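Please look through the structure below slowly, following one strand or helix at a time, and keep the sequence at hand while you read. The paragraphs that follow lead you from one part of the chain to another.

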Amino acid sequence: MQQNNQVTTAPLPDYFHFVEALEHANFEDVFSFLGVHDSDKNQVCYRVFFPEAEQVTLLLNDQEYIFSRYQLTQLFYLELPKHANYQQYQLRVKYAKFTLTQYDCYAFESSLDQQAMYLFNEGTLAHAHHHLGAQKISINGVEGIRFAVWAPNAKSVSVICDHNHWDARCHVMRKHLASGVWELFIPELDIGLNYKYSLLTHTQQRLEKADPFAFQMQLPPNTASVVGKSGNAITPIKNKKPQLNHVSQAISIYEVHLGSWRRVPQEGNRYLTYKELAEQLIPYVVELGFTHIQLMPITEYPFDGSWGYQPIGMFSPTHRFGNIDDFYYFVHAVKAAGLGLLADWVPAHFPSDPHGLATFDGTHLFEHADSRQGYHPDWQTHIYNYERAEVRSYLLSNATFWLENFHLDGLRVDAVASMLYLDYSREEGQWLPNCYGGRENLAAISMLQQINQSLYQHNPNIMMVAEESTSWPGVTEMTSSGGLGFGYKWNMGWMNDSLSYMSIDPLYRKHHHNEMTFSMIYAYSENYILPLSHDEVVHGKGSLINKMPGDDWQKFANLRCYYGFMWAHPGKKLLFMGSEFGQYSEWDHDHSLDWHLLEQEKHQALKKLVIDLNQLYKTQPALHQCDNQAVGFDWIDQNNSEQSIFSFIRYDQQRKSKVICISNMTPNVHYDFELGVPAAKNYQLILNTDHACYGGSGVGPEQNIAVINKANHGFKHSIKLTIAPLASYYLLSDADD
């Protein structure tokens, strides 16, 4: 290259005002000054700002031109005659200890899709994660990272990162006034860079925020975002049918907290990695016979004790167990094993950590400004402003990202009730009614409908599951009919009633008989999942086995009987980890499950029962096909409160296949117990939770039970059988194959 050291002879320009703005990283329209600009009709002026630089040289068309320093500032400028390729240049920047050659980020035109930004501002951009955040792109053959963040009320926004020593003066961003999005392409950056946004508010406060659209976050307690792979969807698995999640399918879910399913005590009690979980958790779930794994929230979260329910990195799989490639590996392994994969999703609230969404640009941007609508008193968290269109785009995009990017089979939406009601957990005077004077959160309702409609339209086989604890009507109704559009709802009423009943001494259960029958009054009002989740084994509630009354033998017998009742009851199934083998201790997120218990026969036996229940549930159409249809269920005797015995029939869709289910909820044995049956065929015992192989007494009927010609319970025929203590039976007619 030839060197040109000519000193600019033009009069010294008046740049003082601009320099002051650059020195304070307070420049809303930085592209109007830095970069290349016409000086007059024959010349252009190059202006660059490099803190701590000693000299800047322009490299253009095999020529070198040394910039002039503006007074004693860090602004450098150079005027040259216009040239056809004047924008294809690089800069050599000399510092005291090193020299860098780089492209000028202020020489690149915006690559932001303005139509997409219009949809973002409209609240309908389902793939906002393709446009905002840190995206690896190429402009005019130059690769780099485009940063884009929505902060409409900030005075100035900068990218701060490892590359620029976290100096807000180095990479001030361009503001798109129409969308409120700030954007900057920084050439030659790559995946793995730690970064944040430095925002100057209108009150002159300097904030440092993680990227709301970051695909990766640092491992807590560090708080920076990481330039991650935007993520193509995982490679489809050959010769594997897509997971079917229709209400007629058998769906049995194993709920997992990845950080405490199993630890590595020999290595400081560390977490298993995503790869280790793939190798250990997935075969275990397959052995148990569950159809799906449900992960508690894995969106990045700063505090372990929140279990993921106070997320910061909504687009980032937590780094606790590995990077995004490791998570892809885990998902791929789940799919390869033929399992479905669900994850908890938390659109109801977010934490107040200073690097998160709270007062993001110095204003209440993501959260509602009025604390009566924007702050959750129970969890001390912020509530999204569902009325704001951009917040809708953010949450819609986030749900879309997890389903499409990782091929998840569904999302379990946390705390839906808190979203639906303006007065949720609030006293009089602590909430504001809607425009009609009601307590319904109309904006949240509309947003949930929008998200569910969009997700099901583009991903018809998914499961959108609502954790909704009230009697809100139409949670699983289609949005076209005015429903919320979820596919499933957790049956919290069944869970509360049945656990309350099971915790009572069997002597007194006859006085609470309706707690086990009441659920059938509303069983078909929604598409239900029966949840025995993490919420029931924490915060002093004790484990499932320790909710059961009696001595140790009766505790296990009660739990076996209860599982038998649950797996026969209409509704899909969900069981939290550790409950399959009867963990005694309450769940503790800081410790592994008590795997040593499986060295004892009674815990092995309970696990075997869960395996057999899942097998029967999947192979007997009557146990799953009509979970949401009244045609699939008949009581034989729902009123036997004196003996605390429940008996009913499950049917398949054609009412040809029938399974009779009997549960004796007391420790009493009943000999020659008569029960009406619907078919004049002999019956085969296909499950006895009191069988010796499950740790039971072995008392019970023969394998084959003859029908007698005697009317009973409204049927023309009956059977006589021995009813074991605290036992559930499944009987199959000889006519049913």
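Strand 34 is mostly covered, since seven of its seven residues are buried. In this model, which is a predicted one, Ile645, Ser647, Ile649 and Tyr651 point one way from strand 34, whereas Phe646, Phe648 and Arg650 point the other way, and all of them are buried. To see where this strand sits, we can turn to its partners. Strand 34, which covers residues 645-651, pairs with strand 35, residues 658-664, in the antiparallel sense over seven bridges, and within that pairing the bridge partner of Ser647 in strand 35 is Ile662. The two strands form a hairpin with six residues between them, in which Arg655 takes a positive phi near 55°. Strand 34 also runs antiparallel to strand 33, to which four bridges join it, and here Asp634 has Ile649 of strand 34 as its bridge partner.

These strands belong to an open sheet of six strands, whose order is 33-34-35-41-37-38 and whose pairing is antiparallel. Which strands stand at the edges of this sheet? They are strand 33 (633-637) and strand 38 (704-705), and because each has a single partner strand, one side of each is left without a neighbour in the sheet. As a general point, the strands of a sheet pair through backbone hydrogen bonds, and they may do so in either a parallel or an antiparallel way.

Another open sheet has four strands in the order 2-3-7-6, again with antiparallel pairing. Its edge strands are strand 2 (35-40) and strand 6 (68-69), each of which pairs on one side only. Strand 6 and strand 7, the latter made of residues 75-81, pair in the antiparallel sense over two bridges, and Arg69 has Phe76 in strand 7 as its bridge partner.

The loop between strand 7 and strand 8 (90-94) is where Tyr89 is found. Is Tyr89 buried or exposed? Its relative accessible area is 3%, and because a residue under 20% counts as buried, Tyr89 is buried. Leaving aside residues up to four places away in sequence, the residues that Tyr89 touches include Gly35, Val36, Tyr46, Leu58 and Leu59, and also Tyr103, Asp104 and Ala107. Trp261 is 172 residues from Tyr89 along the chain, and the C-alpha atoms of the two are separated by 55 Å.

A further set of paired strands is found around strand 11. This strand, residues 142-150, is mostly covered, with eight of its nine residues buried. Strand 10 (residues 133-139) pairs with strand 11 in the antiparallel sense over seven bridges, and Ala134 has Phe147 of strand 11 as its bridge partner. Strand 10 and strand 11 form a hairpin with two residues between them, and in its turn Asn140 has a positive phi of about 55°. Strand 11 also pairs with strand 14, residues 181-187, in the antiparallel sense over seven bridges, and in that pairing Trp150 has Val181 of strand 14 as its bridge partner.

From the strands we can move on to a helix. Helix 4 runs over residues 324-336, and its 13 residues, at 1.5 Å a residue, should span 18 Å; its end C-alpha atoms are 18 Å apart, so the expected span and the model agree. Within helix 4, the buried residues are Ile324, Asp326, Phe327, Tyr328, Phe330, Val331, Val334 and Lys335. What covers these buried residues includes two helices, helix 3 (274-288) and helix 6 (389-405), together with strand 22 (292-295), strand 24 (313-317) and strand 25 (340-345).

Finally, we can step back to the whole chain. Its secondary structure comes to 13 helices and 41 strands, and of its 737 residues, 60% count as buried. Taken along the principal axes, the C-alpha atoms fill a box of roughly 115 × 60 × 40 Å. Among the contacts in the chain with a separation of 6 or more, 70% are accounted for by residues 24 or more positions apart. The accessible surface of the chain comes to about 28,900 Å², of which 48% belongs to carbon and sulfur atoms. As for charge, the chain has 53 positive and 79 negative charges, and the mean positions of these two groups are 4 Å apart.

Terms used. Residues numbered from 1 in each chain as written. Predicted model: local features only at pLDDT ≥ 70, side-chain atom pairs only at ≥ 80, totals over all residues. Heavy atoms only, no water. Buried < 20%, exposed > 50% of the residue type's maximum accessible area, 1.4 Å probe, protein only. Pairing = 2+ DSSP bridges. Contact = heavy atoms within 4.5 Å. Areas by Shrake-Rupley, 256 points an atom, 1.4 Å probe, with all protein chains shown as cover. Lys, Arg positive; Asp, Glu negative; His and termini not counted. Charge placed at Lys NZ, Arg CZ, Asp CG, Glu CD. Expected span 1.5 Å × (residues − 1).
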